[in-house]
Amino acid sequence: MIPWAKPTLFGKEERYVQEALRSTWISGGPFVDRLEKDFCETLQVPFAAVVSNGTAALHLAYLALGVGHQDEVIVPGFAYQAAANIAILCGARPVFVEVDPATWCLDPSALESAITPRTRAIVPIHTYGNVCDLTAILSVARSRGTPVVEDVSESMMSEWEGRQAGTIGTIGTYSFHATKTITTGEGGMVVTRDPELDQRVRLFRSHGMLRERRYYWHEAPGHNFRLTNLQAAMGCAQLESIQEIVARRRAVHAMYRRELDGESGVTLQHFDARVMPVLWALALKLDPGAFPQGRDRVIDQMRELDVECRPGFYAASQQPIYDSLALPVCEDLARNVISLPTFPDLTEELVHTICQGLRKLKR
Ligand SMILES: Cc1ncc(COP(=O)(O)O)c(C=O)c1O
């Protein structure tokens with residue numbers, strides 16, 4: 001079976017984790033500080049706070065911005081919805097907007113009319129390695145004085161006009177889950193250029209305590225969203241190989257493009273010329289005329305060919321836990337998007353096998 005995703009380890013992970021283990025620093029420890037420092041250097045951003053996962057990263061971003069009861073948070077209706085769920089858990093209301101039918105990212109033209117006096121944050125989610133139109137989104141956000149939280153969980157190292165995604169808005173949040181660009185098993189990061197926001201993230205990350213000020217004194221009711229030194233050790237090793245990971249993911253993207261650009265019956269996710277993507281998952285939209293069996297059946301048929309694929313996200317408007325207007329573009333993507341195996345170790349031969357498999361299922 002060709003898996004949908006697979007982390008690539010480069011050897012140093014084991015050595016660093018062993019080093020952390022032998023040092024007996026297994027909760028906090030020097031790898032945590034090092035990972036934050038190395039991340040700042042890699043992403044060219046002044047502040048990075050490492051956290052236990054990408055969902056915690058979003059939660060801390062909201063807490064730092066003061067998102068709370070009766071606030072609204074604007075999120076795209078087609079995406080991995082951690083950003084919406086955490087808004088609800090903070091007592092706020094996610095307001096879902098359409099995505100662009102080509103890039104599948106938050107449509108800036110839908111933004112203006114979704115903003116109200118209650119809007120506390122706009123969350124562009126950079127889906128599958130793409131980057132939302134940050135120029136247009138930030139222009140609307142700035143005119144309203146609204147903070148922008150970039151959810152970069154799927155797009156670490158992708159660039160928008162030569163700048164790292166995640167470092168352009170007010171706050172950027174990352175996930176280091178096993179399928180992501182770098183991994184610590186579970187893990188994440190919150191980055192910002194604002195020292196006060198960074199301080200608030202750190203406060204809420206660790207019980208609302210500032211130990212350097214006073215031990216066991218709670219300045220605020222906080223979480224424990226810290227990452228362990230063991231996991232950070234793995235992150236440091238992964239980050240040392242980041243250029244290789246990026247190069248391999250870009251090579252895999254190029255292989256898929258050679259196979260599938262211009263292929264009838266499928267439409268690949270579109271990347272704006274201002275985006276330099278690092279692909280998380282190669283995703284495409286199936287034309288129901290060419291695949292009358294339907295996307296879900298195609299996934300089953302690919303599995304019979306020993307290829308693991310995944311469906312696109314459900315639209316927010318299809319899920320009863322959310323309160324959303326109809327979102328026709330998101331719903332269309334939800335019905336027809338499929339993502340194919342994408343990981344750094346994929347070879348040209350395997351990519352060819354996967355694409356040949358898909359071709360065979362076409363009418
Ligand atoms: C866009 C996006 N946001 C947030 C998350 C949540 O990250 P985590 O699983 O690390 O909590 C994920 C993936 O899991 C994601 O794809």
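How many Å separate the centres of domain 1 and domain 2, taken over C-alpha atoms? The answer is 25 Å, and the first view takes it from there. Keep in mind throughout that this is a predicted model.

**View 1. Domain 1 meets domain 2.**
The protein chain splits into domain 1, residues 12-240, and domain 2, residues 243-360. Their centres, taken over C-alpha atoms, are 25 Å apart. Domain 1 puts 30 residues into the contact and domain 2 puts in 28 residues. On the domain 1 side that touches domain 2, strand E3 (93-97) and strand E6 (159-160) supply at least two residues each. Sorted by class, that side of domain 1 has 16 nonpolar residues, along with eight polar and six charged ones.

**View 2. Strand E3 and its partner E2.**
Here we zoom in on one of the strands from the domain contact. Four of the five residues of E3 are buried, so the rest of the structure largely encloses this strand. E3 pairs with E2 in the parallel sense, over five bridges. To find your way along the pair, look for Val 73, which stands opposite Pro 94 in E3.

**View 3. Around the ligand.**
The ligand has 13 residues around it. Gly 54, Thr 55, Tyr 80, Ser 153 and Ser 175 are the closest of them. What is the shell made of, by class? It divides into seven polar residues, four nonpolar ones and two charged ones.

**View 4. The mixed sheet E1-E9-E8-E5.**
Four strands make up this open sheet, in the order E1-E9-E8-E5, and their pairing is mixed. Strand E1 (47-51) and strand E5 (149-151) sit at the edges with a single partner strand each, so each of them has one side without a neighbour in the sheet. On average, neighbouring strands are turned by 20° against each other, ignoring direction. At the E5 end, E5 and strand E8 (residues 171-175) run parallel and share three bridges. One pair to look for there is Asp 151 with its bridge partner in E8, Thr 173. Helix H2 (residues 30-43) packs on the sheet, where it touches E1 and strand E9 (188-192). The direction of H2 makes about 135° with that of E1.

**View 5. Edge strand E1, close up.**
Is E1 mostly covered or mostly open? Mostly covered: five of its five residues are buried. Phe 47, Ala 49 and Val 51 are buried on one side, and Ala 48 and Val 50 are buried on the other, which leaves both faces of E1 covered. E1 runs antiparallel to E9, and five bridges join the two. Val 50 makes a handy landmark, as its bridge partner in E9 is Met 189.

**View 6. The antiparallel sheet E10-E12-E14-E13.**
This is another open sheet of four strands, ordered E10-E12-E14-E13, and its pairing is antiparallel. Strand E10 (266-268) and strand E13 (310-311) are the edge strands, each pairing on one side only. Strand E12 (residues 282-286) and strand E14 (residues 337-340) run antiparallel and are joined by four bridges. Look for Ala 283, which stands opposite Ser 339 in E14.

**View 7. Helix H10 and what covers it.**
Helix H10 (residues 328-336) has Cys 330, Leu 333, Ala 334 and Asn 336 buried. Which elements cover these buried residues? Among them are helix H9 (295-304) and two strands, E12 and E14. E12 and E14 are the antiparallel pair joined by four bridges in the previous view.

**View 8. Two loop residues with positive phi.**
Gln 70 is not a glycine, but its phi is positive, at about 70°. Find Gln 70 in the loop between helix H3 (54-65) and strand E2 (72-76). Tyr 128 is not a glycine either, and its phi is positive too, at about 65°. The loop that holds Tyr 128 runs between strand E4 (119-122) and helix H5 (134-144). Buried or exposed: which word fits Gln 70? Gln 70 has 9 C-beta neighbours inside 10 Å, so it counts as exposed. Tyr 128, with 26 other C-beta atoms within 10 Å, is buried.

Definitions and conventions: Residues numbered from 1 in each chain as written. Predicted model: local features only at pLDDT ≥ 70, side-chain atom pairs only at ≥ 80, totals over all residues. Near = placed C-beta within 6 Å. Nonpolar A, V, L, I, M, F, W, Y, C, P; charged D, E, K, R; others polar. Domains from an automatic or database assignment. Contact = placed C-beta atoms within 7 Å. Pairing = 2+ DSSP bridges. Axes fitted to C-alpha atoms, helices over the stretch in contact; angles between N-to-C directions. Buried ≥ 20, exposed ≤ 12 C-beta atoms within 10 Å, placed from the backbone.
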